[in-house]
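Q: Please take a close look at a single residue, and then carry on from there to the open and closed spaces, the surface and the charged pairs, in one connected account.

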Amino acid sequence: MAHRPSKKFKKTLLGSAAVLVLAALNAPAAVSFAEEKYHAYKIAQPGYQRRFGSWAEVAVPGQYRINAIHAALLHTGKVLLIAGSGNSQKNFDAGTFETILWDPVRNTFKKIPTPVDFFCSGHTQLPDGRLLVAGGTARYEILDGEVKKAGGGMRVKNESPDRAITLKKGTVFRSPSGVEYVSKSDVTVPKAKREFEISYSESGRMKPWKTKVTAAEVRVFVEARKEGPQALTTEAAQYEVVGLKGDAADDVYGLAQKLTTEKQDFQGIKGAYEFDPKAEKYIPVAPMKDARWYPTLVTLGDGKVLAVSGLNDVGDVVPGDNEIYDPETKTWSKGPFRYFPTYPSLFLTQGGKLLYTGSNAGYGPAEKGRAPGLWDLRKNSFTKLGGLTDPDQLETSASLILPPAQNQKVMVLGGGGVGESSRSTARTSIIDVSEDSPVFTDGPALPQGTRYLSSVLLPDDTVFTTGGSEDYRGRGGSDILKAQFYDPRSNAFTAAAAPTVGRNYHSEALLLPDGRVATFGSDPLFGDKDNTRLGTFEQRVEVFTPPYLHKAGADRPVLGEGPQELDQNGRATFKTKDAGRIVRARLMRPSAVTHTTDVEQRSVEVGLTRSQNGTTVTVDVPEDRTLVPPGWYMLFVTDENGIPSEAKWIQVGDRPPVSGPRPG
């Protein structure tokens, strides 16, 4: 007996026919739609996620979305996202500076009052768990062709040994020809230095004392009051400070060599603050001697901090005047002199030398300070290191100490040409600084030339890399929606699930205490492949869940009760029901990252001992503070499949070395 088709079946058939007609009329769109649906289905499958991992966007309420320029993980488990003015001249002019504190466990957000413009500052983790933030923006750049009034650096001299003098923003400097220039910030000129010279006659009698006075000097950026060629000069001259009376008018004056309408670069600030994770607020400390914009801050083995490079208060690269911050006294002192381009990647190596990989964020001449090397701070000597492929494409490259840190191998990934170059390289290079004469050797290539690559250490001793773009700031729609894992043991990359959000300039990525990776930011020049539509800052937050968490499900090793500090022997014991399956432990220093520069993160192998009854594990931390700088660390333990526990936070103090073998 024949069956008639039901009304439902007829409707389905007619609907399918309509889809076929539409597909014929618009085949590419239909295929693309089908591919997208299939891709979404495929990446959601458990088998796929166990192999490649997965991505998920974080729900961020509108009032908490910011232009994340900096990201730092605090020992409370929260993430500090710093925008400052967020690369917005409008925000800068309005004094709108932003910081957001994100709790990734509860997915809650909090606005933090931000005292100054931390846009393009430097930061590092301090031994007590505070975050030092230093430098930032005093003035936005003005590009070639847009500068209307002549300007430049003015050296302000004070010849009085009896008093310092403060000149407020807006102070007028008058040239010998009567042209007036206005200062753009407050400056205080110290007292001149007075020295007494003692000399003796041939008969041995002391001659009358002579007094030598050396004028004090500071810099300030000045701008002509009026537009016009009369304010342009390339000749050295002395400038009167308008409004000063009496001796001050004679003692204080300005000197300038070049006042032009050429491009005026960003200018830095001297301010420094510590962010207190418990009070959740910025606390001012002594300012730096030099203003810095785009500086690198790196913690040393004694817990002090070295501040390097940056653009100063007149927009020049700091010529090599580096500074050291003491967290105990909250003050700065003079550091060893050495020039670097801005945001240089400097890594503390075992023994105390700093490795400069050559990675940087750009400002500075192409031929100066770009070569990698080992910097001995005590001797202030610098040994250049060879073997690096594409050494002219280190700008916007990524660098990190490969896990575990005891191996002393450092990797450089990708990068591009100096400035707004469209060139980029797929090169990776590795150097073993424990060797007597270390040289770079090529590692496996990235899938394509990549600038702004984010690279994050994982607790299973692999490196997760994601994002970046092939061209400068993603020009030409060149963002790279790819991610991969690098395994130092096999020296090879394997594919990871692809992100859905492009990340180029002003983007960050860091490891969370639960073993996931969070990504933030991106500041493309354009929003399309044809470079016709201006780009917008990427405010979405996307989190990557690595394969090890999909394999684990709920069955992860668990560290139970234990201390947050090491005992006198550098050990800590934790209760656990999983002692039998735990095979390794790692101390992982939390990130403080900006502009592809994260000199904080490192993964340190620690000794692991199980109790006889199998209910506790004890970790034994190396005592060398050049290997394990003092501060708070995440302690992860992993099983034989590389599945990590959630981290326990533990503080490593600045204890003196133990002489002889440890007891026990």
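A: Asp251 is placed in helix H5, which covers residues 246-251, and the model in which it is viewed here is a predicted one. With a relative accessible area of 18%, Asp251 falls under the 20% limit and therefore counts as buried. The C-alpha atom of Asp251 lies 73 Å from that of Arg50, and the two residues are 201 residues apart along the chain.

From this residue one can turn to the spaces that the protein leaves open. The largest pocket holds about 1,000 Å³ of space. Its lining is made of 40 residues, and those closest to the centre of the pocket are Glu141, Tyr363, Glu420, Tyr472 and Arg473. Sorted by class, the lining of the largest pocket contains 18 nonpolar residues, 13 polar ones and nine charged ones.

The second largest pocket, at about 720 Å³, is lined by 26 residues, with Ala138, Arg139, Lys184, Ser185 and Ile269 nearest its centre. Two or more lining residues come from each of helix H4 (89-94), strand S8 (137-139), strand S13 (187-189), strand S16 (216-224) and strand S19 (267-268). Among these elements, strand S8 gives the most to the lining of the second largest pocket, namely three residues. The lining of this second pocket divides into 10 nonpolar, seven polar and nine charged residues.

Closed spaces are present as well, and a search of the whole structure finds seven cavities of 30 Å³ or more. The largest cavity has a volume of about 110 Å³, and of the 15 residues that line it, Ser454, Ser455, Val593, Thr596 and Asp598 lie nearest the centre. Strand S30 (398-401), strand S34 (454-457) and strand S38 (507-511) each supply at least two residues of that lining. By class, the lining of the largest cavity has five nonpolar, eight polar and two charged residues.

On the outside of the protein, Ile198, Tyr200 and Met206 form a nonpolar surface patch, and together they have about 340 Å² of accessible area. One member of the patch, Tyr200, is found in the loop between strand S14 (193-197) and strand S15 (210-214). The relative accessible area of Tyr200 is 53%, which is over the 50% limit, so Tyr200 counts as exposed.

The charged pairs remain. Side chains of opposite charge can pair when their charged atoms come close. In this model the count comes to 37 salt bridges, and three of these pairs are described here in turn.

In one salt bridge, the side chains of Arg155 and Glu217 meet with a distance of 3.3 Å from N to O. Because Arg155 lies in strand S9 (residues 151-158) and Glu217 in strand S16, the pair ties together parts that are 62 residues apart in sequence. Both ends of this bridge are partly exposed, Arg155 with a relative accessibility of 38% and Glu217 with a relative accessible area of 36%. Strand S16, where Glu217 lies, is also one of the elements that give two or more residues to the lining of the second largest pocket.

Arg423 and Asp392 form another salt bridge, at 3.1 Å from N to O. Arg423 is in the loop between strand S31 (409-413) and strand S32 (428-432), whereas Asp392 is in the loop between strand S29 (381-384) and strand S30, so this pair ties together parts that are 31 residues apart in sequence. Arg423 is partly exposed, with a relative accessible area of 39%, and Asp392 is partly exposed as well, with a value of 39%. Strand S30, which bounds the loop of Asp392, also supplies at least two residues of the lining of the largest cavity.

In the salt bridge between Arg581 and Asp639, the closest N and O atoms are 2.8 Å apart. Here Arg581 lies in the loop between strand S41 (571-575) and strand S42 (582-588) and Asp639 in strand S47 (residues 631-639), so the pair ties together parts that are 58 residues apart in sequence. Arg581 is partly exposed, with a relative accessible area of 22%, whereas Asp639, at 4% relative accessibility, counts as buried. Beyond single pairs, salt bridges that share partners join Asp128, Arg130, Glu274, Asp276 and Lys330 into one network.

How values were computed
Residues are numbered from 1 along each chain as its sequence is written. This is a predicted model: local features need pLDDT of at least 70, side-chain atom pairs count only at pLDDT 80 or more; totals for chains, interfaces and linings use all residues. Side-chain values use heavy atoms; hydrogens and water are left out. On a 1 Å grid over the protein atoms alone, a cavity is a set of points where a 1.4 Å probe fits but cannot get out, and a pocket is an open set with protein on both sides within 12 Å along at least five of seven lines; lining residues have an atom within 4 Å of a point. Grid points are joined across faces, edges and corners, and a volume is the space filled by probe spheres set on the points. Ala, Val, Leu, Ile, Met, Phe, Trp, Tyr, Cys and Pro count as nonpolar, Asp, Glu, Lys and Arg as charged, and the others, Gly among them, as polar. Helices (H or I, at least four residues) and strands (E, at least two) are DSSP runs, numbered from the N terminus. Patches are made of residues with over 30% relative accessible area and no salt bridge: like charges are joined within 9 Å, nonpolar side chains (Val, Leu, Ile, Met, Phe, Trp, Tyr) within 5 Å. Accessible areas come from the Shrake-Rupley method with a 1.4 Å probe; for residues, only the protein chains shown count as cover. A salt bridge is a side-chain nitrogen of Lys or Arg within 4 Å of a carboxyl oxygen of Asp or Glu. Buried means under 20% relative accessible area, exposed over 50%, partly exposed in between (1.4 Å probe, protein chains only).
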